[in-house]
Amino acid sequence: MSARPNQESAAPQAETTSPHRAGFACFVGRPNAGKSTLTNALVGQKVAITSNRPQTTRHTVRGIVHRDDAQLILVDTPGLHKPRTLLGERLNDVVRTTWAEVDVIGFCLPADQKLGPGDKYIVKELAGIRKTPKIAIITKTDLVESKALAEQLLAVSALAEELGFEWAEIVPVSAVGDKQVDLLADLIAPLLPESPPLYPEGDLTDEPEMVMVAELIREAALEGVRDELPHSIAVVVEEMLPREDRPADKPLLDIHANVYIERPSQKGIIIGPKGKRLKDVGTKSRKHIEALLGTPVFLDLHVKVAKDWQRDPKQLRKLGF
């Protein structure tokens, strides 16, 4: 039997082999539109901070989705909003810079909320970006009946028409219920440029570990605090060092981090009675940090006041903004 393949049977195979694609996609939308949850669902692991508090993402976290036919690098931006502080203005600048550099933009709109002025403001900005394909993603579909979902799909389609452009796709998804998440990846992949993979197999993000650890601590600190606190919390990891004199099979990583708030009166809220809240923050975040880094961790947390840091350019620089 000849080892050379039959030419007739080999020809169709060549046609079906599509070129590998790789590129950047970003999710935009109002604060709390489900962008981070969607990023985590696509990547299959927690790489973006999620919270039921709006405006919690401060860094553009890149989640990397590896497929046989494509590599999707997902850029998770802060929610675009009307800024009230210098921090707010800087977050909006981050969003616009990201839009200018990606291959696909996904506009996220929650299924359970009517199209509001905030959504129209974002879509109007998107209409000005002519060349980049834009996908409308209706998130949180598990929260509504099919009639409400159909109305939302029509509303988002009509809004683009009104502004003189067309969505490349309109996709309803539920990241929590894992509905149509794979379909979304299938629709983004062909819109990316032909390219070999840009990151090694197995990489899930290109965020520095210290930044991700700080974000996980901040996420835990946000849980269950009063409404006025979300914007006031910043976390800086001062150092991450392997504990010396530990046997190779029992490593321990020492992480020293500071939780910054804006006013002394907020200190008690974060620390809690007899330090209970801060202890809970440490326990919760340590679990996620150990899963992320794959090693046991000793977490040392301190709460510090950085007076009105959201409005102070010097403080913002110090805290990484």
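This talk covers the salt bridges, one helix and its packing, and the cysteines of a predicted model.

Start with charge pairs. A search over the whole structure gives 10 salt bridges. I will take three of them, beginning with those at R67.

R67 pairs with D69. Their closest N and O atoms sit 3.0 Å apart. R67 also pairs with D186, and there the closest N and O atoms are 2.9 Å apart. What does that second pair tie together? D186 belongs to helix α6, residues 181-188. R67 is in the loop between β2 (61-66) and β3 (70-76). So the bridge joins parts that are 119 residues apart in sequence.

Put the two pairs together and you have a network of salt bridges linking R67, D69 and D186. How accessible are its members? R67 is partly exposed, at 25% relative accessible area. D69 is partly exposed, at 38%. D186 is partly exposed too, with a relative accessibility of 38%.

Now a bridge inside a helix. K147 and E151 form a salt bridge, with 3.0 Å between the closest N and O atoms. Both residues are in helix α5, residues 146-162. They are four residues apart, so about one helical turn separates them. The general rule is simple: an α-helix has 3.6 residues a turn, so residues three or four places apart point the same way. On accessibility, K147 is exposed at 61%. E151 is partly exposed at 38%.

Next, helix α9. It runs over residues 276-293, which is 18 residues. From first C-alpha to last, α9 reaches 25 Å. The expected figure, at 1.5 Å a residue, is 26 Å, so the model comes close to it. After the helix comes G294, with a positive phi near 70 degrees.

Which residues of α9 are buried? They are R277, L278, V281, G282, S285, I289 and L293. Note the arginine at 277 in that list. What do these buried residues pack against? Two helices are on the list: α7 (209-222) and α8 (267-271). Three strands are there as well: β7 (234-242), β8 (253-261) and β9 (297-305).

Let me stay with α7. Two packed helices are described by the angle between their axes and the distance between the axes. For α7 and α9, the axes come within 8 Å. They cross at roughly 140 degrees. The crossing is right-handed. On the α7 side, the contact is made by E209, M212, V213, L216, I217, A220 and A221. On the α9 side, the residues are R277, V281, K284, S285, H288, I289, L292 and L293. Among them, R277, V281, S285, I289 and L293 were also on the buried list.

Last, the cysteines. How many disulfides are there? The count is zero. Why do C26 and C108 not bond? The cysteine sulfur closest to that of C26 is in C108, 9.2 Å away, and that is too far for a bond. The cut-off for a disulfide is 2.5 Å. From the other side, C108 has its closest cysteine sulfur in C26, at that 9.2 Å. C26 is buried, with a relative accessible area of 0%. C108 is buried as well, at 0%.

To recap. R67, D69 and D186 form a salt-bridge network. Helix α9 crosses α7 with right-handed geometry. Disulfides number zero.

Notes
Residues numbered from 1 in each chain as written. Predicted model: local features only at pLDDT ≥ 70, side-chain atom pairs only at ≥ 80, totals over all residues. Heavy atoms only, no water. Salt bridge = Lys/Arg side-chain N within 4 Å of Asp/Glu carboxyl O. Buried < 20%, exposed > 50% of the residue type's maximum accessible area, 1.4 Å probe, protein only. Expected span 1.5 Å × (residues − 1). Contact = heavy atoms within 4.5 Å. Axes fitted to C-alpha atoms, helices over the stretch in contact; angles between N-to-C directions. Left-handed = near helix turned anticlockwise from the far one by under 90°.
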